[in-house]
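Q: Hi! I have a new model open and would like to go through it with you. Let's start with the contacts inside it.

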Amino acid sequence: MRVPMIAGNWKMNTTVSEAIELVNQMRRGLDEIADVDKVICPPFISLAAVRELIKGSSIKLGAQNIYFEEKGAYTGEISPLMLADLCEFVIIGHSERRHYFNESGEIVNKKIRAALKAGLKPILCIGERLEENEAGRTKEVLTEQLRSSLAGIDNLGGLIIAYEPVWAIGTGRAATGKQANETVGFIRQTISQKYGKRIAQDLRILYGGSVTAANTDEFMQQPEIDGALVGGASLKADQFLSIVRQTSEIKGESKRGEASLI
Ligand code: PGA
């Protein structure tokens, strides 16, 4: 049974003191919600402070990026070894990194390998652009992104995939639950072809792109979608708490439903 997960990607927002304040606003509420993995991904410079604040709680920590070398003369970069000491998850291949920082599939692949080697759980982001979607090329684009990101990787470790259609990120124009469910199903099928049915069934696949407290219900009702990667709405304590709470309720209910059928 896949444990649902909600991850908040704070992106390049919050100073250290703002990050502390935001965690203080949601720590207790988040900690009380069961049956969901609750992950927050603040900027690098706040990871250490946030880690102290959430110690002893059920909240988990993630980073937003990584470099693929372990150490050395790479001015300004953060290595897997540094992160493994601080957090459990790391977002890799976010579309903003692919587009603004020219991260190729090859770089994403190196980062995934480095993260897995260091014992980190990558949250691999994939998704098509608007023009690709409109040209009916979504499956082709996702297949290629999965192929290049996971090339040569035999063991997925704790990897998680986030399906994030680029046209839905930060635009307020989310996909529909049905659309996203179909595409996530396709991703699972593609993973199944390479890694086998068992691995694919256990793999958590999230939806991301303009998820808010108002549309969480639509996405979490979908059987293929195991949670969400939330950007803008993760910066507002009440919104984020509501998203996590709804996920726990909806996914918990469907789990109880499944259990009663056995
Ligand atoms: P958004 O961002 O929720 O603000 O659309 C999602 C993401 O980029 O992960």
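A: Happy to. One term before we begin: a helix here is a DSSP run of H or I with at least four residues, and helices are numbered from the N terminus. Please also keep in mind that this is a predicted model.

Q: Got it. How far apart in helix 7 are E144 and R147?

A: They are 3 residues apart in helix 7, which spans residues 138-149, so about one helical turn separates them. Their side chains meet in a salt bridge, with an N to O distance of 2.9 Å.

Q: And E144, is it buried, partly exposed or exposed?

A: E144 counts as partly exposed because its relative accessibility is 39%, and that class lies between 20% and 50%.

Q: Which residues do shared salt-bridge partners join into one network?

A: That network consists of R2, R188, E224 and D226.

Q: How many salt bridges does a search of the whole structure find?

A: The search turns up 15 of them. One is between E96 and K11, whose closest N and O atoms are 2.8 Å apart. This pair links distant parts of the chain, with the two positions 85 residues apart: E96 is in helix 4 (residues 95-100), while K11 is in the loop between strand 1 (5-9) and helix 1.

Q: What is the relative accessible area of E96?

A: It is 24%, so E96 is partly exposed.

Q: Which residue does K117 pair with in a salt bridge?

A: Its partner is E70, and the closest N and O atoms are 3.1 Å apart. Here too the pair links distant parts of the chain, 47 residues apart: K117 belongs to helix 5 (residues 105-117), and E70 to the loop between strand 3 (59-63) and helix 3 (80-84).

Q: What about accessibility, for K117 and for E70?

A: K117 has 65% relative accessibility and therefore counts as exposed, the cut-off for that being over 50%. E70 has 36%, so E70 is partly exposed.

Q: Let's go back to K11. What is odd about its phi?

A: K11 has a positive phi of about 55 degrees, although K11 is not a glycine. T14 also has a positive phi without being a glycine, at about 80 degrees. T14 is found in the loop between strand 1 and helix 1, and K11 has its place in that loop too.

Q: Is T14 buried, partly exposed or exposed?

A: T14 counts as partly exposed because its relative accessibility is 21%, and buried would mean under 20%.

Q: Now for the ligand! How many residues surround it?

A: There are 13 around it, and the closest are K11, H94, E164, G170 and S210. So K11 turns up again, this time next to the ligand.

Q: How does that shell divide by residue type?

A: It has 4 nonpolar, 7 polar and 2 charged residues.

Q: Which N or O atoms lie by the ligand's oxygen atoms?

A: A side-chain N or O atom of H94 is 2.6 Å from a ligand oxygen. From the backbone, a polar atom of G231 is 2.8 Å from an oxygen atom of the ligand, and a backbone N or O atom of G232 is at 2.9 Å from a ligand oxygen. As for burial, the ligand taken alone exposes 280 Å², and the protein buries 95% of that.

Q: Nice. Now the outside: which residues form the nonpolar patch on the surface?

A: The patch is formed by V16, I20, F44 and I45, which together have about 310 Å² of accessible area. Of these residues, I20 lies in helix 1, which covers residues 16-32. Its relative accessible area is 30%, so I20 is partly exposed.

Q: Last topic: where is V244, and is it buried or exposed?

A: V244 is in helix 11 (residues 237-261), and V244 counts as buried because its relative accessibility is 0%. The C-alpha atoms of V244 and A174 are 18 Å apart, with 70 residues separating the two along the chain.

Q: And where is A213 found?

A: A213 sits in the loop between strand 7 (204-208) and helix 10 (216-220). With 18% relative accessibility, A213 counts as buried. From A213 to G170 it is 15 Å, C-alpha to C-alpha, and 43 residues in sequence.

Conventions:
Residues numbered from 1 in each chain as written. Heavy atoms only, no water. Patch = residues over 30% accessible without salt bridge, like charges linked within 9 Å, V, L, I, M, F, W, Y side chains within 5 Å. Areas by Shrake-Rupley, 256 points an atom, 1.4 Å probe, with all protein chains shown as cover. Salt bridge = Lys/Arg side-chain N within 4 Å of Asp/Glu carboxyl O. Buried < 20%, exposed > 50% of the residue type's maximum accessible area, 1.4 Å probe, protein only. Near = heavy atom within 4 Å. Polar contact = N/O pair within 3.5 Å; in protein donor to acceptor, adjacent residues only side chain to side chain. Nonpolar A, V, L, I, M, F, W, Y, C, P; charged D, E, K, R; others polar.
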